[in-house]
Amino acid sequence: MAYVIADGCIDCKDATCVSCCPVDCIYEGVRTFYIHPEECINCGICVSVCPPEAIFEDVELPGPLKRFIAINREFFGPEVTGLGSPGGASSMGASKVDHPAVATAPRNIGGKPAPCMPSS
Ligand code: SF4
Ligand code: SF4
């Protein structure tokens, strides 16, 4: 069980969640952030601070967004970044790649405008 960042973060990335996470397990990609599924301690703090409500507990993801469980997990695997489990995001910097599903996503793929996304 872990928390998952879904499509509302894409092209939003205001990073409020990053500074709130007590275990530094929210990693930066190019267009979105990713929660490390093994490093997350399931505290739920990040959910309440995310402007576009992009963070869900994995068991509460709406059906169309369940694929983000795999997207968050695969970001750390050999098929995307090969980061594994670094034990902390702050020393890693931003990744130069996204999961392919995020890299190729149209803006605002969930159809819900993100409050921190430019309107243009
Ligand atoms: S607070 Fe929400 S929109 Fe901002 S970086 Fe975190 S998950 Fe993305
Ligand atoms: S649920 Fe807690 S530990 Fe997991 S990403 Fe959010 S703030 Fe970090």
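Which residues are the closest to ligand 1? Here are my notes on that and a few other things; keep in mind that this is a predicted model.

1. **Around ligand 1.** The closest residues are Cys-9, Cys-12, Asp-14, Cys-17 and Cys-50, out of 15 that surround the ligand. If you sort that shell by type, you get 12 nonpolar residues, one polar and two charged.

2. **Around ligand 2.** Here the shell has 14 residues, and Tyr-3, Cys-21, Cys-40, Cys-43 and Cys-46 come nearest. Sorting by type gives 12 nonpolar and two polar residues, with no charged ones.

3. **The overall layout.** Try tracing the chain from start to end: you should meet the pattern β-α-β-β-α-β-α-α. That makes four helices and four strands. Of the 120 residues in the chain, 34% are buried. Look, too, at who touches whom: among contacts between residues at least 6 apart in sequence, 74% join residues at least 24 apart.

4. **The core.** The largest nonpolar core holds 28 residues, and Ile-5, Ile-26, Ile-35 and Ile-55 have the most contacts inside it. At least two residues of this core come from each of strand 1 (3-5), strand 2 (26-28), strand 3, strand 4 (55-57) and helix 3 (67-75).

5. **Ile-5 as a way in.** Click on Ile-5 and look past the residues up to four places away in sequence. What you'll find touching Ile-5 is Thr-32, Phe-33, Tyr-34, Ile-35, Ala-54, Ile-55, Phe-68 and Asn-72.

6. **Phe-33.** This residue sits in strand 3 (residues 33-35). Is Phe-33 buried or exposed? Phe-33 counts as buried because 27 other C-beta atoms lie within 10 Å, and the cut-off is 20 or more. Leaving aside neighbours within four places in sequence, the contacts of Phe-33 include Ile-5, Cys-9, Cys-17 and Ile-26. Cys-9 and Cys-17 are also among the closest residues to ligand 1. Ile-10 makes a nice example of sequence versus space: Phe-33 and Ile-10 are 23 residues apart in sequence, with their C-alpha atoms 7.9 Å apart.

7. **One face of helix 3.** Which residues of helix 3 are buried? They are Phe-68, Ile-71, Asn-72 and Phe-75. Look down the axis of helix 3 and these buried residues fall within an arc of 95 degrees, so they line one face of the helix. An α-helix has 3.6 residues a turn, so residues three or four places apart point the same way. As for partners, the buried residues of helix 3 pack against strand 1, strand 3 and helix 4 (100-103).

Key:
Residues are numbered from 1 along each chain as its sequence is written. Chains are lettered from A and ligands numbered from 1 in the order in which they are written. This is a predicted model: local features need pLDDT of at least 70, side-chain atom pairs count only at pLDDT 80 or more; totals for chains, interfaces and linings use all residues. A residue is near a molecule or strand if its C-beta atom, placed from the backbone, lies within 6 Å of it. Ala, Val, Leu, Ile, Met, Phe, Trp, Tyr, Cys and Pro count as nonpolar, Asp, Glu, Lys and Arg as charged, and the others, Gly among them, as polar. A residue is buried if 20 or more other C-beta atoms lie within 10 Å of its own, exposed if 12 or fewer, and partly exposed in between; C-beta atoms are placed from the backbone. Two residues are in contact if their C-beta atoms, placed from the backbone, lie within 7 Å. A nonpolar core is a set of buried Ala, Val, Leu, Ile, Met, Phe, Trp, Tyr and Cys residues joined through C-beta atoms within 7 Å. The arc is that of the directions from the helix axis to the C-beta atoms.
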